[in-house]
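I opened this entry to keep track of what I looked up, one residue or helix pair at a time. The notes follow the order in which I went through them.

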Amino acid sequence: MKTAIATVSISGDLKEKLVAIASAGFDGVEIFENDFLAFDASPREVGRMVRDHGLEISLFQPFRDFEGMPEPQRTRAFDRAERKFDLMQELGTDLVLICSNVSPLSLGGIDRAADDLAELGERAANRGIRIGYEALAWGRHVSDHRDAWEIVRRADHANVGLILDSFHTLARKIDPDTIRSIPGDKIFFVQLADAPKIDMDLLYWSRHFRNMPGEGDLDVTGFMRAVAATGYDGTLSLEIFNDQFRGGSAKSISVDGHRSLLYLMDQVSRLEPGIAIQVQSMPDRVAVSGVEFIEFAATEAETAELSGMLQVLGFSCIGRHISKNVMRWRQGDINIVINTERKGFAHSSYVVHGVNVCDIGLKVADAGATVARARALGAEPFEQPVGPEELKIPAIRGAGGGVIHFIDEKSGLAAVWDQEFRYISAAKDAKEAGLVRIDHIAETMASDELLTWQLFYTSIFRTSKTPMVDVVDPAGLIRSQAIANADGSLRITLNGADNRRTLAGHFISEAFGAAVQHLAFETKDIFRTAERLKQNGFTPLVISPNYYDDLDARFGLEDAFLDQLKLYGILYDRDDNGGEYFQLYSPFYGEGFFFEIVDRRGGYNGYGAANAPFRIAAQKRHLRAQGVPKA
């Protein structure tokens, strides 16, 4: 499987782009003409620079407004093409992209376009060059790959072929299965891009909102299945026009791009067996059956406050590590670990981020296969020395440099609590609050990282993503997207902040990067839990009385029910199918971390997005004022 990416997809000058593209593992690069024209080196020097990075120039593009022109523009178009052929030979590439004409002067007509391509193909053949014709979704006369293929078919020249672009097909809602009848050897190149579903002008949508396959809402998998079914075995390339990507990290976006292609073709090969494209072998996406543990990094002094909060929430300290300063807290199926070691990864995490969730343990069927898939998709493996009697648990790096460990039964890793911890009797005055499991983990990050981690989770684990939503903070918008598996045993919400004035942005700046900002625990009876928490000394987040007045107006709640919500500071939501969601929030711990208790009823699968602005406003009233020193 040969992979490439267009230079227009990432930020930097041409040299910087090539470094990022090569380091991400691509085989080739599409040279976008503007990137070449803006770079101060000769075509021969650029070609040498590309090859010095271990890359090939897979395609030179674009050549615009060629076919179907009247005279004298037609003659001029052929002269322009000859100049581009000169340039290509200097660069050392043999394939040029000709996109369908958008000029108001163009005359149209399939036979006229075919004749022009046939003549150009003959000129190209004399130079050892091939031309690929692509239907732009906004082309003046040709905007459909079926028409483009008919033009190529009628041109009937060995050096004239078709270039397919997933965006142009899917944006126009053309059935990708129509590609299956095209001979694979007449498809010269395939460009791939996804995009969120937005109702807007096609050209503007294409030029500003494309993203990597798997990051948007288009059926890129269905498109690529159809392409692969033709017998095509050539290069798969990314052509991404995205304002955010152009201003982001070239290295990070290149890594995302390469991961997206590997993930896409892994899916395609499983759904369309026997394809000619050689796909990298890896285990299938991993099923997660739950969260085994959450580990905090802290110091002894800060552990007292965190432990006190866990006690109020109804947790009991039931275990001490056999050799490390690590304590295990438990309630229901929830395991919370507090690590106060002065060496090792947890301590390093504390030094950088302060008190934070440094490690997440996930329950999987096969821990080794999970890491194997993650590594195949470019995830960074994690290892640190283990002591006597300790288990070597497979792990990878996650968001913000944190760690994700994998626990399974088959490898004996599920025995970690019995093998590595000594049991401690729960305190006699411990009062459980009815928390049964972790409902979801909320990770906060800069908005330009959100798609990275969405792709990370969906490509490795058997999960799906919800539509992106905007959460209103008084200081700006937070982009939020949830990742979940089918039974809800793994739910992760990703929240992207644009500025540090928002609550999420403040947390990122204080935590020095992406991190878990809150944990949500599930209860089966929110009111019983709220009463137990109250008896334990829990102080809930104070919600404005105005919220409850509006709640009554929206849902027409019974007075007694509404009074209960007010009494305990519980937020409420209801979906269109009658599913209900209850939320109860703790005060902040540190610089913006908090706990949430939720109760889902009647199949509610959301996260209370309607309540987020009121929760955030309440939290910001309790946030340490900017400039006030920490106690």
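Does Lys186 count as buried or exposed? I looked this up first, bearing in mind that the model is predicted, and found that Lys186 counts as buried, because its relative accessibility is 17% and the cut-off for buried is under 20%. I located Lys186 in the loop between α7 (166–171) and β7 (187–192). Setting aside neighbours within four places in sequence, I listed its contacts as Trp149, Val152, His157, Ala158, Val160, Gly161 and Leu162. I also noted the separation of Lys186 from Pro545, which is 359 residues in sequence and 67 Å in space, C-alpha to C-alpha.

Next I turned to Ser11, which sits in the loop between β1 (3–6) and α1 (14–24). Ser11 counts as buried because its relative accessibility is 13%. A polar atom of the Ser11 side chain lies 2.7 Å from the backbone oxygen of Gly248. Gly248 also appears in the contact list of Ser11, which, leaving aside neighbours within four places in sequence, consists of Lys17, Phe245, Arg246, Gly247, Gly248, Ser249 and Ala250.

Since Ala250 is among those contacts, I went on to helix α11 (residues 250–271) and its packing against α1, where the two axes come within 8 Å and cross at roughly 40°. That angle makes α1 oblique to α11, and I recorded the crossing as right-handed. On the α1 side I found Ala20, Ile21 and Ala24, which meet Ala250, Lys251, Ser254, Val255 and His258 of α11. Sorted by class, this contact has five nonpolar, two polar and one charged residues.

How are α11 and α16 oriented to each other? Their axes are 10 Å apart and pack at an angle of about 25°, and the two helices are therefore roughly parallel to each other. I noted that this crossing is left-handed. The contact is made by Ser252, Asp256, Arg259, Ser260 and Tyr263 of α11, together with Thr452, Leu455, Phe456, Thr458 and Ser459 of α16. By class, the residues of this contact divide into three nonpolar, five polar and two charged.

I then checked how far α16 (residues 450–460) is covered, and found that eleven of its eleven residues are buried. The buried residues of α16 are Leu450, Leu451, Thr452, Trp453, Gln454, Leu455, Phe456, Tyr457, Thr458, Ser459 and Ile460.

For helix α17 (residues 503–511) I made the corresponding check, and this helix is mostly covered, with eight of its nine residues buried. I wrote the buried residues down as Leu503, Ala504, Gly505, His506, Phe507, Ile508, Glu510 and Ala511. Following α17 comes Phe512, and I noted that its phi is positive, near 60°.

Which way do α19 and α20 run relative to each other? The axes of α19 (residues 545–555) and α20 (residues 559–568) come within 11 Å and cross at roughly 155°, which means that α19 is roughly antiparallel to α20. I recorded this crossing as right-handed. The residues that meet are Tyr548, Asp549, Leu551 and Asp552 in α19 and Leu562, Leu565 and Lys566 in α20. The contact of α19 with α20 has four nonpolar, no polar and three charged residues.

I closed with Ile338, which I found in strand β12 (residues 334–339). Ile338 counts as buried because its relative accessibility is 1%. Not counting residues up to four places away in sequence, Ile338 touches Phe296, Ala298, Thr303, Leu306, Ser307, Leu310, Asn325, Val326, Met327 and Trp329. As a last distance I took Ile338 to Ala530, which are 192 residues apart along the chain and have their C-alpha atoms separated by 25 Å.

Terms used:
Residues numbered from 1 in each chain as written. Predicted model: local features only at pLDDT ≥ 70, side-chain atom pairs only at ≥ 80, totals over all residues. Heavy atoms only, no water. Helix = DSSP H or I, 4+ residues; strand = E, 2+ residues; numbered from the N terminus. Buried < 20%, exposed > 50% of the residue type's maximum accessible area, 1.4 Å probe, protein only. Polar contact = N/O pair within 3.5 Å; in protein donor to acceptor, adjacent residues only side chain to side chain. Contact = heavy atoms within 4.5 Å. Axes fitted to C-alpha atoms, helices over the stretch in contact; angles between N-to-C directions. Parallel < 35°, antiparallel > 145°, perpendicular 65-115°, else oblique. Left-handed = near helix turned anticlockwise from the far one by under 90°. Nonpolar A, V, L, I, M, F, W, Y, C, P; charged D, E, K, R; others polar.
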